[in-house]
Amino acid sequence: MADKIKCACDECICMVDTNNAFEKDGQYYCDESCSNGHIDHVGCGHEGCGCH
Ligand SMILES: [Zn+2]
Ligand SMILES: [Zn+2]
Ligand SMILES: [Zn+2]
């Protein structure tokens, strides 16, 4: 059974499947850009999400 949790990025509203997420330091992110703290100021690109 897949577990869905909110992306660990504070600004991000996306839900991520832990089996299919970008993991960093034990936290799960929806996208590589979230996992690196948006160091390059690129958003995750998911619809309705304004994190960047
Ligand atoms: Zn997002
Ligand atoms: Zn995210
Ligand atoms: Zn994010």
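**Figure 1. Overview of the predicted model.** Of the 52 residues of the protein, 27% count as buried. The coordinates come from a predicted model. One helix and four strands make up the secondary structure. From the N terminus, the order of elements is β-β-β-β-α. Along the principal axes, the C-alpha atoms fill a box of roughly 35 × 25 × 15 Å. The radius of gyration is 10 Å, which agrees with the value near 10 Å for a compact globule of 52 residues. Among contacts with a separation of 6 or more, 20% join residues 24 or more positions apart.

**Figure 2. The site of the zinc ion (ligand 2).** Four cysteines supply the SG donors: Cys7, Cys12, Cys30 and Cys34. These donors lie 2.3 to 2.4 Å from the zinc ion (ligand 2). Angles among the four donor atoms run from 102 to 116 degrees, and the site is tetrahedral. For reference, the ideal angle for four tetrahedral donors is 109.5 degrees. Along the chain, the donors follow the spacing C-x4-C-x17-C-x3-C. Cys7 has a relative accessibility of 1% and therefore counts as buried, the limit being under 20%. Cys34 also counts as buried, at 3% relative accessibility.

**Figure 3. Cys12 as a bridge between two zinc ions.** Cys12 bridges the zinc ion (ligand 2) and the zinc ion (ligand 1). The distance between these two ions is 3.5 Å. Cys12 is buried, because its relative accessible area is 2%, against a limit of under 20%.

**Figure 4. The site of the zinc ion (ligand 1).** The SG atoms of Cys12, Cys14, Cys44 and Cys49 coordinate the zinc ion (ligand 1), at 2.2 to 2.8 Å. In sequence, the donor residues are spaced C-x1-C-x29-C-x4-C. The angles among the four donor atoms span 90 to 143 degrees, and the site is irregular. Why is it not classed as tetrahedral? The tetrahedral class needs all angles between 85 and 135 degrees, and the range here reaches 143 degrees, so the site falls outside that class. Two of the donors link distant parts of the chain: Cys14 is in the loop between β1 (4–6) and β2 (15–17), and Cys49 is in the segment after α1, 35 residues apart. Both Cys14 and Cys49 are buried.

**Figure 5. The site of the zinc ion (ligand 3).** Three cysteines and one histidine coordinate this ion: Cys9 (SG), Cys34 (SG), His38 (NE2) and Cys51 (SG). Their distances are 2.1 to 2.5 Å. The zinc ion (ligand 3) lies 4.7 Å from the zinc ion (ligand 1). The donor spacing in sequence is C-x24-C-x3-H-x12-C. Angles among the four donor atoms are 98 to 126 degrees, and the site is tetrahedral. His38 and Cys51 both lie in the segment after α1, so the pair ties together parts that are 13 residues apart in sequence. His38 counts as buried at 5% relative accessibility. Cys51 counts as buried at 3%.

**Figure 6. Cys34 and the contacts around it.** Cys34 is a donor to the zinc ion (ligand 2). Cys34 also coordinates the zinc ion (ligand 3). Which residues does Cys34 contact, leaving aside its neighbours within four places in sequence? They are Cys7, Cys9, Cys12, Tyr29, Cys44 and Cys51.

**Figure 7. The largest nonpolar core.** Eleven residues form this core. Its cysteines are Cys7, Cys9, Cys12, Cys14, Cys30, Cys34, Cys44, Cys49 and Cys51. Val16 and Tyr29 complete the set. How many disulfides does the structure hold? The number is zero. In soluble globular proteins, nonpolar side chains tend to be buried together.

**Figure 8. His52 and its surroundings.** His52 lies in the segment after α1 (32–35). Leaving aside its neighbours within four places in sequence, His52 is in contact with Glu11, His38, His41, Val42 and Gly43. One of these, His38, is a donor to the zinc ion (ligand 3) through NE2. Gly26 sits elsewhere: its C-alpha atom and that of His52 are separated by 21 Å. Along the chain, Gly26 and His52 are 26 residues apart.

Key:
Residues numbered from 1 in each chain as written. Chains lettered and ligands numbered in written order. Predicted model: local features only at pLDDT ≥ 70, side-chain atom pairs only at ≥ 80, totals over all residues. Heavy atoms only, no water. Donors = N, O, S within 2.8 Å, 3.2 Å for Na, K, Ca; no water. Tetrahedral: all angles 85-135°; square planar, octahedral: opposite > 155°, others 65-115°. Buried < 20%, exposed > 50% of the residue type's maximum accessible area, 1.4 Å probe, protein only. Contact = heavy atoms within 4.5 Å. Core = buried A, V, L, I, M, F, W, Y, C linked by side-chain atoms within 4.5 Å. Disulfide = S-S within 2.5 Å. Rg over C-alpha atoms; globule rule 2.2 N^0.38 Å.
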